[in-house]
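Trainee: I'd like a close look at one thing here: how metal is held. Please take me through it slowly, site by site.

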Amino acid sequence: MSEESVDLGFLETPEHEWRLHRCYFPSKVGGKPAWLDPKNLPTTKMLECKNCCKPMIFLLQLYAPVDEHEHCFHRSIVVFCCKNGNCYSQQEHQTVQAFSCTLPRNNLFYPFDPPDYESGKAAQSCTNPKKLCNLCGAAGNKTCAKCKAVNYCGRDHQVLDWKNHKPVCGQETNLDDKENDNTILFPEKEIVIESEEELGNSEELQQNDGKCNGHVSQSSSSTSYSATELEEAVGKQSEDKTFTKFKWKIANYPDQVVRFHPGGKPLWCSAKGQIKSDDVPNCPCGAKRKFEFQIMPQLLSYLNVESTIDQATIDWATVAVYACSQNCQPVTDDLCAYIPCFAWRQNFLI
Ligand SMILES: [Zn+2]
Ligand SMILES: [Zn+2]
Ligand SMILES: [Zn+2]
Ligand SMILES: [Zn+2]
């Protein structure tokens, strides 16, 4: 695959909320996960931060079918991350985890034909059969002992949700309609994917003096990292050639939050803290993992993760996600349909 064929992900507010429902196969950031397989979810243990052992929170998901494989007619990669800023101080801490899930066209959960993307009807007939955590939307096997109407992934989230749930616990209120004061989830947006090549390559843009439509015009928005801000974040590494390339590559579309380049190479932010493809651990099935996409630092400014002097915060220069090169399927008696991917976080200051 050529270096040019990179797809970029940009954040957009969907015209209708239902567009982010799982039956429309969304790519999105924040909110609760839109599980492709809503039944055989990752276990609570799989979604624990490997450093602090607290439940990780849903970060984003990309809908990425693979045409060559029948069983990948639908394919979704979900990414979770720890919200404890202290877990991000060490590069080796695995604070970001990703999982892939595939389904053939003929499956238990979705009609054979695609939904009508102009209508919200599909969402109404597509409910979540599995009990989910009232707070984070992950598998919720623990039930509120008092009302037995809501579920949680564990004690942590039950305690955190109590002030929201207490007024309605045991009441006849329709829990689904309740507006939750849910501060643990990241703000929700759709990820819209566009080909970098089709948007226009860098040389053309430079000739046009940056006067281009589409996402370039958004570069003045508050969610974009300017080159200066990036330089400040990287500090002394501004001499780094890798960083110069990084800046140059993203300058035309500074709002990109994801670079999707299956089988390609990640665009590293600096020379330090990279991982060689040979060092990426194999998939549990034994096959090699290949690079899929990377999460850009621009996403951080959207996530409302504010840094204070004495408080560590969620941070990355980039997160590279690698998935099974064979797109393996779960073994038949496996209750989880989500295959662990590998996520490598490159820090700004190493
Ligand atoms: Zn943690
Ligand atoms: Zn939870
Ligand atoms: Zn209750
Ligand atoms: Zn595999």
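Mentor: Start with what we call tetrahedral: four donors with all angles between 85 and 135 degrees, a donor being an N, O or S atom within 2.8 Å of the metal (3.2 Å for Na, K and Ca), with water not among the atoms. This is a predicted model, with residues numbered from 1 along each chain as its sequence is written, and chains lettered from A and ligands numbered from 1 in the order in which they are written. Local features need pLDDT (the predictor's confidence in each residue, from 0 to 100) of at least 70, side-chain atom pairs count only at 80 or more, totals for chains, interfaces and linings use all residues, and side-chain values use heavy atoms, leaving out hydrogens and water.

Let's begin with the zinc ion (ligand 3). Its protein donors are Cys144 (SG), Cys147 (SG), His165 (NE2) and Cys169 (SG), at 2.0 to 2.4 Å. The angles among these 4 donor atoms run from 106 to 114°, and the site is tetrahedral. Read along the chain, the donors give C-x2-C-x17-H-x3-C. Cys144 has a relative accessible area of 3%, so it counts as buried (under 20%; exposed is over 50%, partly exposed in between, with a 1.4 Å probe and protein chains only).

Now slide back to the zinc ion (ligand 1), where the donors are the SG atoms of Cys49, Cys52, Cys82 and Cys87, lying 2.3 to 2.4 Å away. It's tetrahedral too, with angles of 102 to 115° among the 4 donor atoms, and the spacing reads C-x2-C-x29-C-x4-C. Check the exposure here: Cys49 is buried at 1% relative accessible area, whereas Cys52 is partly exposed at 23%.

Then there's the zinc ion (ligand 4), held by the SG atoms of Cys283, Cys285, Cys324 and Cys328 at 2.2 to 2.4 Å. This arrangement is tetrahedral because its 4 donor atoms subtend angles of 106 to 113°. The spacing here is C-x1-C-x38-C-x3-C. Cys283 sits in the loop between strand E9 (258–260) and strand E10 (289–295), while Cys324 belongs to strand E11 (residues 318–324), so this pair, 41 residues apart, links distant parts of the chain (strands being DSSP runs of at least two residues, numbered from the N terminus). Both Cys283 and Cys324 are buried.

How far to trust it? Mean pLDDT is 86, and 83% of the residues reach 70 or more. Residues 204–223 stay under 50, though the model gives them 27 contacts beyond four places in sequence (heavy atoms within 4.5 Å). Where pLDDT is low, don't read the predicted coordinates in detail.

Methods:
Four donors count as tetrahedral if all angles lie between 85 and 135 degrees; four count as square planar and six as octahedral if opposite donors are over 155 degrees apart and all others between 65 and 115; anything else is irregular. Helices (H or I, at least four residues) and strands (E, at least two) are DSSP runs, numbered from the N terminus.
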